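Reader: I would like to go through the labels attached to this model and hear the reasoning behind each of them.

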Amino acid sequence: MRMYDIIMKKRNGGELSQEEIQFFVEGYTNGKIPDYQVSALMMAIYFQKMTEQETLSLTMAMADSGEKLNLSAIHGVKVDKHSTGGVGDKTSLALTPMVAACGIPVAKMSGRGLGHTGGTIDKLESFPGFTTALTTEQFINNVNRIGIAIMGQTADLAPADKKLYALRDVTATVDNLSLIASSIMSKKLAAGADAIVLDVKTGSGAFMKQEQDARALAEEMVKIGKNAGRKTIAVISDMDQPLGYAVGNALEVKEAIDTLQGNGPADFLELCLTLGSQMLIVGGKAADCKEAEEKLKGVIADGSALKKLAEFVAAQGGDSNVVYQPELLPKARIVLPVEADRSGYISHIVCDEVGICSLMLGGGRETKDSVIDLSVGIVLCRKVGDFVKAGEPLAFIYANDEKRAKEAGKRYFAACTISGTAPTKTRFIKDVIW
Ligand code: URA
């Protein structure tokens, strides 16, 4: 087999066989096929697209390219959850203890934040002492013992995707549906869960800005999951404004704790209940959404979800007192209000700009090696559709540097539009695809 022939076949619109896909994925991963040939193939795929069978073959070849987690030692149906990423997305922090308290074993690999979106691991590190550096054995033992463990993605999980994604990033070939779907799903399949619930975001803070693109990605990933023999469901949710009110690591942890205490923001709670219901149904713990929601609301009301969070934090070396005393979380020195210059309705908040404000304050990573400040961020006071009077705060900026606080404040102000009329309400959960 020759890479040249594979590139030409795809360039001319042909369908690559499983062997051909396997050949280039293996050859690229072990360094036998050079970047320039794989770049040419990625561009050919970008223009000619991939069939359902090709997309599945690519996903499986990438999933098989490195270590695969074997979760068979964990009792019960393991259900993983994945978000395509957004601003203020602290879902895993509240959702995983909720479903674990309902009896779903959570064995999850999470990532760190890069750019304007945050990562679960950084947020969890707001608990002093918390670590995600677990051995596979500790990870599995923790799930069997307390029902929940989260570890960092190992370097050897789907290494082919890591290499291909870095190449696509610099060759303008990221935004192809089959390539994105196979990239995400290869990591999920290698992480070993029996079922996968995907949270596909859409809007100005999401990877997929348009709803039809988010829907197409969701459908593609559900097809891959099913073809690979895993129950897969996708929820399409709004990311046209930040999720909840808090953006920034420790601030989001506080909001997740508030939610588990029954005081969560409506949109965030709705998302946790929607995703959690699907997880309970595929995990065999509820027959339908109604029963699942009742169970999930029950574990919030009786405190068992909050207790599960405390157990999980303690099991991974963190200070679980913080769960009951969130005032112990890292605190910013400066709290600066951003005030409305007129009265009216908030008609739009440019969501990715809010993520960039948090990044500017030091709450996110500009590069992989940046050290982040866990205490900084933004807490919104008004969301889209809310009325604000001139002089009232739109948000509070949490910072440790005056200059950065003022810059972020100006940027946040510019990201908000205040209008004379209330905007039309849009649905927060757009669809559930299975
Ligand atoms: N996220 C991924 O993991 N892969 C892509 O290709 C795009 C987003």
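Reader: Why does Asp194 count as partly exposed?

Author: The model is a predicted one. Asp194 has a relative accessibility of 33%. Partly exposed is the class between under 20% for buried and over 50% for exposed, so Asp194 counts as partly exposed.

Reader: What makes the contact between Lys78 and Asp194 a salt bridge?

Author: The N to O distance between the side chains of Lys78 and Asp194 is 3.7 Å. The cut-off for a lysine nitrogen and a carboxyl oxygen is within 4 Å, so the pair qualifies.

Reader: Which parts of the chain does that pair tie together?

Author: Lys78 is in the loop between α4 (52-63) and β1 (79-83), and Asp194 is in the loop between α9 and β4 (195-202), so the bridge ties together parts 116 residues apart in sequence.

Reader: Is Lys78 buried or exposed, and how do you know?

Author: Lys78 has 8% relative accessibility. Buried means under 20%, so Lys78 counts as buried.

Reader: How many salt bridges does the structure hold, and which residues are linked in a network?

Author: There are 28 salt bridges in the structure. Asp80, Lys108 and Lys188 are joined in a network of them.

Reader: What makes Lys308 and Glu311 a salt bridge, and how are they placed in helix α14?

Author: The closest N and O atoms of Lys308 and Glu311 are 3.1 Å apart, and the limit is within 4 Å. Both residues belong to helix α14 (residues 304-315), where a spacing of three residues puts them about one helical turn apart.

Reader: Why are Lys308 and Glu311 given the classes they have?

Author: Lys308 is at 15% relative accessibility and counts as buried, because buried means under 20%. Glu311 is at 27% and counts as partly exposed, since that class runs between the buried and exposed limits.

Reader: What is the spacing of Glu407 and Lys403 in helix α17, and what distance supports the salt bridge?

Author: Glu407 and Lys403 are four residues apart in helix α17 (residues 402-415), about one turn of the helix. Their side chains meet at 3.7 Å, N to O, where the requirement is within 4 Å. Lys403, with a relative accessible area of 60%, is exposed, because the threshold is over 50%. Glu407 has 38% and is partly exposed.

Reader: Which residues are around the ligand?

Author: They are Tyr165, Arg168, Ile180, Ser183, Ile184, Lys187 and Phe207. To be listed, a residue needs a heavy atom within 4 Å of the ligand. By class, the shell has four nonpolar, one polar and two charged residues.

Reader: How do you know that Arg168, Ser183 and Lys187 make polar contacts with the ligand?

Author: The cut-off is a pair of N or O atoms within 3.5 Å. A polar side-chain atom of Arg168 is 2.9 Å from a ligand oxygen. An N or O atom in the side chain of Ser183 is 2.6 Å from a ligand nitrogen. For Lys187, the distance from a side-chain N or O atom to a ligand oxygen is 2.5 Å. Each of these values meets the cut-off.

Reader: How much of the ligand's accessible area does the protein cover, and which elements give two or more residues to the shell?

Author: On its own the ligand has 240 Å² of accessible area, and the protein covers 83% of it. The elements giving two or more residues are α8 (159-169) and α9 (177-190). The largest share, four residues, comes from α9.

Reader: Why is Thr96 called buried, and what lies by its side chain?

Author: Thr96, in helix α5 (residues 91-101), has a relative accessible area of 2%. Buried means under 20%, so Thr96 is buried. A polar atom of its side chain lies 2.6 Å from the backbone oxygen of Ser92.

Reader: What makes phi of Ala172 worth a remark, and why is Ala172 called exposed?

Author: Phi of Ala172 is positive, about 55 degrees, although the residue is not a glycine. Ala172 is in the loop between α8 and α9. Its relative accessible area is 56%, and exposed means over 50%, so Ala172 is exposed.

How values were computed. Residues numbered from 1 in each chain as written. Predicted model: local features only at pLDDT ≥ 70, side-chain atom pairs only at ≥ 80, totals over all residues. Heavy atoms only, no water. Polar contact = N/O pair within 3.5 Å; in protein donor to acceptor, adjacent residues only side chain to side chain. Areas by Shrake-Rupley, 256 points an atom, 1.4 Å probe, with all protein chains shown as cover. Nonpolar A, V, L, I, M, F, W, Y, C, P; charged D, E, K, R; others polar. Buried < 20%, exposed > 50% of the residue type's maximum accessible area, 1.4 Å probe, protein only.
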